[in-house]
Amino acid sequence: MALSIPQKDEKRGNFIGGAFVPPQAGQYEPCRNPADTRDVLGLYPRSAVGDARAAVDAACAAFPSWAATPGPERGRVLLRAHRALSEQIDLLAEALCREEGKTLSESRGEVQKGLNLIEFYAGQGFRMQGRTLPSESRSTLAFTLRQPVGPVALITPWNFPFALPVWKTMPALIAGCTAVLKPASLTPNLTHFMAQALHEAGLPPGVLNVVTGPGGAIGDALVDDPRIRAISFTGSNQVGLRLYSRAAARGVRVTCEMGGKNAVVVLDDADLDLAVEGIVQGAYGSTGQRCTATARVIATPGIRPKLTERLVARVRALEVGDGRRKEVQMGPAVDQGQLQVDLDAIAAAKSDGARLLAGGERLSGGAYEHGFYVAPTLFDGVEPGSRLAREEVFGPVLALQAARDPAEATKLANAVEFGLAASIYTGDVNAALRFVEEAEVGMVHVNQPTVGGEAQLPFGGIKSTGVGEKEMSEEGANFFTHLKTVWLDYAGAPRRTNIY
Ligand code: NAP
């Protein structure tokens, strides 16, 4: 498969009905490298409602035939795409690094995660299961069938430009649905590579369609279209909750994975090296722009001074810059808007009385001149009610909080509206299991960072982070199906059913 990163003025189309087609209004937006905005990775359609409708038309036309295709055969298409993409890891990682700004090694990690998901869902074509259950009646076979819900809409954020579109697209396709994918406007590139790979692997035209353009303009057209039978959204609470209520108004199935404010609890008996490493990775990896990023560290008194000292030293030493350079450990914010959010959160923390221990400023001049760089930032003494303790930043700004004992640490960890991921560092198995039980989140880690997910394991949050089915894993594909209950009576004689 021949993939190439588009040149500066190269126009890419929407992928509709198995071909890249220009947007109806002929408008395009550049895709810029946040590490150096002079680096442009092509021009992408600024689509409007008509383009979204055309994509839904294509998805509807392709649905009956794809739904009737046996699961293993669907899986083989995914497997062929997986092989082709696996041969292009270096190119995909470079495109990802230049498009989103994460470092090359983080980008390779994300591409690999996406590939693992494709591999997992290819196999899921053999495993889409219903159940056989005993009926109340004799000579009756009772079972359930999983059937695709229909054409679906998939809406993704910018922070995982490859893995996230993959983790929605593959389960939808393997379940037998056709899809319209709307990637984030900032990061369209990798979704085009995915579409091309699937197309060349034999995916029939119209089964996957990719439309780029402002969510505000085409999002509603997808969400409100009565032909769209399920919507899978990942992004901010602000957009997600609005979308959820619109979709609910027409009774359509929705999953929304939204923000987080993830805590790491460090108890007195924790392995300090392990905790420091895990916190730095979780808080500053991908510039803190992960839904599962570590945003708060809550430590008990016996370890707090040493932990704080070690964290300050590590954070101040982090190398920030263009992720294509090998020595760089943290890239830029994704755009001017996110940079401003980071700087506003820093200003709010200062005015709320938190103590700045590291960073706290925009990096500019020299190699930073053309990018959106913020210094990795660490605050201590962050009060539980303050903005930095409660609100998602989605940037490299970490809050340290104090707890008297493990019980108070858990209480503080739970004192936010979000419920995505949490972690505890301790050598005490009882304390760890108590935390596993009491943490109000969808995913808990013991002695490892808050970040990460695996194809075969359910991913997602509770409270105001997530509504609907968990993603990835078997559950991720089940979301795109409905369960039909079947009774097959082989008695061959009329009789009363069990309810009389
Ligand atoms: P966002 O602004 O909510 O955008 C997400 C997607 O929704 C984008 O494709 C966006 O399009 C689109 N959109 C915007 N307005 C819309 C509308 N009215 N109707 C339908 N779609 C619309 O979020 P983001 O800034 O890209 O991503 C950051 C957020 O994602 C953070 O809150 C983070 O925690 C969350 N996130 C959560 C998870 C999780 O699994 N829980 C994973 C990753 C990220 P445009 O790009 O064109 O605006």
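## Strand β7 and its neighbours

Strand β7 is joined to strand β10 (residues 230-234) by four bridges, and the two run parallel. One residue pair shows where they meet: Ala-153 has Ile-231 of β10 as its bridge partner. This is a predicted model.

β7 also pairs with strand β8 (residues 179-182). Again the sense is parallel, with four bridges. Here Leu-154 is matched with Leu-181 of β8. How does the chain get from β7 to β8? It passes through helix α5 (residues 163-174), and this β-α-β crossover is right-handed.

## Two faces of one strand

In a regular strand, side chains alternate between the two faces of the sheet. Strand β7 covers residues 152-155. Val-152 and Leu-154 point one way. Ala-153 and Ile-155 point the other way. Are these residues buried or exposed? All four, Val-152, Ala-153, Leu-154 and Ile-155, are buried.

## Around the ligand

The ligand has 30 residues around it. Which of them come nearest? They are Thr-156, Ser-185, Ser-236, Met-258 and Glu-392.

Several polar contacts involve oxygen atoms of the ligand. A polar backbone atom of Thr-156 is 2.7 Å from a ligand oxygen. Trp-158 uses its side chain: a polar atom there lies 3.0 Å from an oxygen atom of the ligand. Ser-185 also uses its side chain, with an N or O atom 2.5 Å from a ligand oxygen. How much of the ligand is covered? Taken alone, the ligand exposes 910 Å², and the protein buries 87% of that.

## A seven-stranded sheet

Now look at another part of the model. Seven strands form an open sheet. Their order is β14-β17-β18-β13-β12-β20-β21, and the pairing is mixed. Which strands lie at the edges? They are β14 (355-358) and β21 (443-446), and each pairs on one side only. Neighbouring strands in this sheet are turned by 20° against each other on average, with direction ignored.

Follow the sheet to its β21 edge. Strand β20 (residues 421-425) is joined to β21 by four bridges, and these two strands run parallel. Within this pair, the bridge partner of Ser-423 is His-445 in β21.

Technical notes:
Residues numbered from 1 in each chain as written. Predicted model: local features only at pLDDT ≥ 70, side-chain atom pairs only at ≥ 80, totals over all residues. Heavy atoms only, no water. Buried < 20%, exposed > 50% of the residue type's maximum accessible area, 1.4 Å probe, protein only. Pairing = 2+ DSSP bridges. Right-handed = clockwise from strand over helix to strand, strands pointing away. Near = heavy atom within 4 Å. Polar contact = N/O pair within 3.5 Å; in protein donor to acceptor, adjacent residues only side chain to side chain. Areas by Shrake-Rupley, 256 points an atom, 1.4 Å probe, with all protein chains shown as cover. Axes fitted to C-alpha atoms, helices over the stretch in contact; angles between N-to-C directions.
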